[in-house]
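Hi there,

Here is the structure I promised to pass on to you. Have a look at it first, and then read my notes below.

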Amino acid sequence: MLTATTTVSASASTLLCRRCRKKKKRKKPFTGHVRTETVRIVLASRASQLAKIQTHIVLDALKAAFPDRQFDTSFMSTQGDKDLSQALYLLGGKSLWTKELEIALLAGEVDMLVHSLKDVPTALPEGCALGAILEREHGEDSLVVKKGYSVDGRVVRSLDDLPAGAVIGTSSVRRVAQLKRRYPDLVFKDVVRQTKKIMRNFLRRKKRGNLQTRLNKLDDPDGPYAALILAKAGLSRLGLGDRVASDVVAPTLLHAVGQGALAVEIRAEDAEARRLCDALTHWQTSWRCLAERACLRVLEGGCSVPVGVHSELAHAPERRGDAGRAGRLRLVGSITAVDGRRHVEQEIVREVSSPEQAEELGTLVAKALVEAGGREILQEVAKDRERRAAVVGRASGTEEQKNSGVAAVGETAVI
Ligand SMILES: NCc1[nH]cc(CCC(=O)O)c1CC(=O)O
């Protein structure tokens with residue numbers, strides 16, 4: 001984790017505003033909240049194609065809500081982008097995508113971080129806060145089939161259409177664990193990113209998004225994959241929504257916590273950024289996601305586990321709760337053993353009238369999951385990770401370990 005406390009106090013009292021220094025303006029201490037209306041607000045994200053598109057979605061929403069304000073963007077590579085061959089699952093760390101960005105945020109170099117909420121750890125570094133959660137259009141996972149692939153002359157529309165032995169590409173333990181239960185005859189394999197190819201493209205200055213790289217691997221006539229499972233939101237934002245053969249939803253597959261929603265992270269003390277963010281927040285999505293994140297926060301203890309969720313917020317009567325908001329919140333949570341053999345699922349429905357009540361419901365679902373057998377599965381997952389980490393420490397893992405869904409070095413997504 002970051003040593004955020006020291007960074008914050010240092011930036012508040014002694015550091016100069018790096019942006020002003022760069023522009024050789026008058027030196028003044030940076031405090032994060034005494035910012036004149038003329039200073040540009042800088043939005044930052046990873047430099048991937050999807051992250052850039054997402055940043056522009058937030059930028060457009062801010063420009064529409066605050067036409068008189070000036071905004072800028074800044075894109076940077078993160079640890080997760082640099083260490084292509086790191087196995088996130090084995091590291092048990094989830095802040096690879098956000099850490100460098102948070103350092104820049106706390107130093108006052110940038111003001112708002114745009115993330116896929118799914119990639120944001122449930123515990124933020126001190127001094128950082130979620131300012132906005134935008135409307136979720138697609139929370140679900142979807143099936144993408146290899147171009148030209150057919151079974152007995154018939155087009156494949158869903159997982160049910162695939163023959164035994166067909167290879168499904170996904171780098172997510174959550175997806176593999178859940179899908180193994182219903183489709184024991186399908187083979188699940190990591191979509192290992194081709195480091196060499198990425199390096200070659202990099203040297204040729206050819207930019208290619210991770211998702212596009214995966215789709216190219218899928219469509220490769222000599223490639224092993226019949227289909228991939230991907231988040232529908234990412235495909236849709238990249239303009240690849242037409243590749244979705246079908247949605248894969250509950251009860252077959254519960255999606256990841258926060259999946260499909262965009263989040264804006266700000267300095268906790270930045271009152272102005274918070275005010276701007278308020279205009280972006282979709283409170284219904286926010287309450288659902290806060291409940292999902294509260295559930296995961298109880299379960300993970302800092303590690304990535306095969307947790308799935310499904311949430312709904314219905315019939316929100318007017319004029320109730322603090323801001324006249326209320327609704328009937330339903331949260332389904334699941335924990336699945338990595339081999340898919342054990343699976344617990346719990347559901348709670350409750351009237352809620354504040355974000356705190358939504359979080360409380362998430363906590364209750366987590367506790368119910370732990371009681372219902374989740375504790376044993378979580379312990380198993382922790383042991384499994386240790387065992388695999390030891391193996392990977394010695395070599396790069398056997399073929400059997402790689403195919404078991406989680407062990408391959410090159411794992412890039414765990415949720
Ligand atoms: N784990 C990587 C990741 N992080 C966010 C998205 C897609 C967009 C989203 O879920 O908001 C994806 C790709 C995927 O899981 O297929």
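Which residue takes a positive phi in the hairpin of E14 and E15? The residue is glycine 340, with a positive phi near 80°, and the hairpin has 6 residues between its strands.

Before going further, please keep in mind that this is a predicted model: local features need pLDDT of at least 70, side-chain atom pairs count only at pLDDT 80 or more, and totals for chains, interfaces and linings use all residues. Residues are numbered from 1 along each chain as its sequence is written.

Now for the overall picture. The protein has 14 helices and 15 strands; these are DSSP runs numbered from the N terminus, with helices (H or I) of at least four residues and strands (E) of at least two. Of its 415 residues, 43% are buried, where buried means that 20 or more other C-beta atoms, placed from the backbone, lie within 10 Å of the residue's own.

Back to the hairpin. Strand E14 covers residues 327-336 and strand E15 covers residues 343-352, and the two pair in the antiparallel sense over 10 bridges. To count as a pair, two strands need at least two bridges found by DSSP. Within this pairing, glycine 327 stands opposite valine 352 in E15, and arginine 330 stands opposite valine 349 in E15.

The hairpin strands also belong to an open sheet of 3 strands, in the order E13-E14-E15, with antiparallel pairing. The edge strands are E13 (307-314) and E15, each of which pairs on one side only. From one strand to the next, the twist averages 10°; angles here run from 0 to 180 degrees between N-to-C directions, and axes are lines fitted to C-alpha atoms, for helices over the stretch in contact.

Two helices to look for next: helix H7 (residues 173-182) packs on the sheet and touches E13, E14 and E15, and its direction makes about 90° with that of E13. Helix H12 (residues 283-300) packs on the sheet as well, touching E13, E14 and E15, with its direction at about 150° to that of E13. Contact means that the C-beta atoms of two residues, placed from the backbone, lie within 7 Å.

One last residue: leucine 50 is found in helix H3 (residues 49-65). Why is leucine 50 called buried? Because 20 other C-beta atoms lie within 10 Å of leucine 50.

Happy exploring!

Conventions
Buried ≥ 20, exposed ≤ 12 C-beta atoms within 10 Å, placed from the backbone.
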